[in-house]
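Please open the structure in your viewer and keep the selection panel at hand. The tour below moves from one selection to the next and says what is there at each stop.

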Amino acid sequence: MTRQDRTQNLPQPFDAAFLADPWRGYVRLREAAPVHRIALPDGSPVWLVLREADVRAWIADPRLSVNKARSGVGYKGFSLPPALDANLLNIDPEDHLRLRRLVSQGFTPRRVEDLGGLVQAAADRLADGLAADVDAHGSADLVTGFSNPLPLVVIGDLLGVPEADRRPFSEWVGTMLTPEHPGQVVEAIGRIHRFLEELVAARRAAPGDDLLSALIAARDEGDRLSEDELVSLAFLILMAGSENVQHLISGGLLTLLQHPEQLAALRAEPELLPGAVEELLRYALPNQMAIRRFPVEPVEIGGVAVPAGDTVMLCLASAHRDPDRYPEPDRFDIRRADKAHLALGQGVHYCLGAPLARMEIRIALETLLGRFPDLGLAVPAGELQWRTSFRSRALRALPVRGTGRRGR
């Protein structure tokens, strides 16, 4: 059988109706079969893995490589330049462990604890601004006024990114992930590439007490990083440290507002907040998929034979709503006993910034609920606009209203 024979006439499930309610679509696919051979919107053939047990088993299995060089069908994805592509999401254990050790110095328990004051101060300041906007206009957009800028303050401080440059970077990443037309992807990647090269040059000329300066020193003095690896790590840390946390704050708050009994329980028992964060990571994760993978040898997933070099997509959105793992998986329950999820990865690819992400989400929600005792949506939920793709689902805006208390 030729490659063309294997890839033509594949189903393409990710149409507008599917993306409007992906969880219902994943139920249909998961009930039909645990693994499907489909085409992505760009026509690329992939194996879509849907059941939680399979996703959990294979997300950390070394037989599935994240290195695009292992692709037998020339997978390109975003077609990132080498200076953005040599990061932890695209390399296998040997180089991965070397780079991970270098980056981990920025996410030690002590460093994360020290960042707690910065996160709280930023959350208080942004809540002040949100309250002022609500007082002045009757409502305010929580996405632009709170959830998007908060992680940028933290990750920008960690990497030494000038404040004026943080929001443009976030907007370029958003365009790259969910463009309105294909040409925007190339333009956004070009802007990101130039920005990071200029940032590295600036930090090299004037080092500071930040993670990027430390990585530059490792590159220039110990030669433990290539220049491409250096820029790629900066790209990954900035993108991963802002994108997902931004959308989990806004999507998490929306989830709480749409489940008033859960919100009331959380207000009555603030000690439930850490568990609520874990349930939000399962229930409202913006990432629909884990990073694509390529079998280094023929494998069997969910009873299906997958050839070496094919593209495998492990579907987190489906896994997190799998009734074989989670009782009543579509029910949002901050007291859910089984708090295990795959939102932050597994094994060697477990997110280095997981403790920081959890802390940011917790402080963000705690601050908002404390400052706005009657926080609510300013528009019907059906009018909310979403940024959707097969990769992610995130709010474009979240208009809210409420009475803001004075800051702490």
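Begin by selecting helix α9, residues 149-159, together with helix α17, residues 354-371, and turn the view until you can follow how α9 passes α17 in a right-handed crossing. Bear in mind throughout that this is a predicted model. The two helices pack at an angle of about 140°, and their axes lie 11 Å apart; α9 and α17 are therefore oblique to each other. To see what joins them, show the side chains of L150, P151 and V154 on α9, and then those of L356, E360 and A364 on α17, since these residues make the contact. Sorted by class, the contact of α9 with α17 has five nonpolar residues and one charged residue, with no polar ones.

Keep α17 on the screen and add helix α15, residues 273-283, for a second packing against α17. Here the angle between α15 and α17 is about 115°, with the axes 10 Å apart, and the two helices are therefore roughly perpendicular to each other. α15 passes α17 in a right-handed crossing. On the α15 side, select L273, V277, E278, L280 and L281, and on the α17 side select R358, I361, R362, L365 and E366, which together make the contact. By class, this contact of α15 with α17 has six nonpolar and four charged residues, and no polar ones.

Stay with α15 for a moment and ask how many of its 11 residues are buried. The number is 10, so the helix is largely enclosed by the rest of the structure. Colour the buried residues of α15 to see this, among them G275, A276, E279, R282 and Y283. What do these buried residues pack against? If you now show α3 (22-32), α13 (227-257) and α14 (260-268) alongside α17, you will have on the screen the helices against which the buried residues of α15 pack.

Next, hide the helices and select strand β1, residues 35-39, and strand β8, residues 312-314, adding strand β2, residues 45-49. These three strands form an open sheet in the order β1-β2-β8, and the pairing within it is mixed. β1 and β8 are the edge strands, each of which pairs on one side only, and the twist averages 30° from one strand to the next.

Zoom in on β1 and β2, which pair in the antiparallel sense over five bridges. If you label the residues, you will find A39 standing opposite P45 in β2, while the bridge partner of V35 in β2 is V49. The two strands form a hairpin with five residues between them, and in the turn G43 has a positive phi of about 95°. Now show the side chains of β1 and look along the strand: V35, R37 and A39 point one way, whereas H36 and I38 point the other way, and all are buried. β1 is accordingly described as mostly covered, with five of its five residues buried.

For the last stop, select S170, which is found in helix α10, residues 163-177. Is S170 buried or exposed? Its relative accessible area is 9%, and because the cut-off for a buried residue is under 20%, S170 counts as buried. Finally, show L152 and Q246, with which S170 is in contact once its neighbours within four places in sequence are left aside.

Key: Residues are numbered from 1 along each chain as its sequence is written. This is a predicted model: local features need pLDDT of at least 70, side-chain atom pairs count only at pLDDT 80 or more; totals for chains, interfaces and linings use all residues. Side-chain values use heavy atoms; hydrogens and water are left out. Axes are lines fitted to C-alpha atoms, for helices over the stretch in contact, and angles run from 0 to 180 degrees between N-to-C directions. Helices (H or I, at least four residues) and strands (E, at least two) are DSSP runs, numbered from the N terminus. Angles under 35 degrees count as roughly parallel, over 145 as roughly antiparallel, 65 to 115 as roughly perpendicular and the rest as oblique. A crossing is left-handed if the near helix is turned anticlockwise from the far one by less than a right angle, and right-handed if clockwise. Contact means heavy atoms within 4.5 Å. Ala, Val, Leu, Ile, Met, Phe, Trp, Tyr, Cys and Pro count as nonpolar, Asp, Glu, Lys and Arg as charged, and the others, Gly among them, as polar. Two strands pair if DSSP finds at least two bridges between them. Buried means under 20% relative accessible area, exposed over 50%, partly exposed in between (1.4 Å probe, protein chains only).
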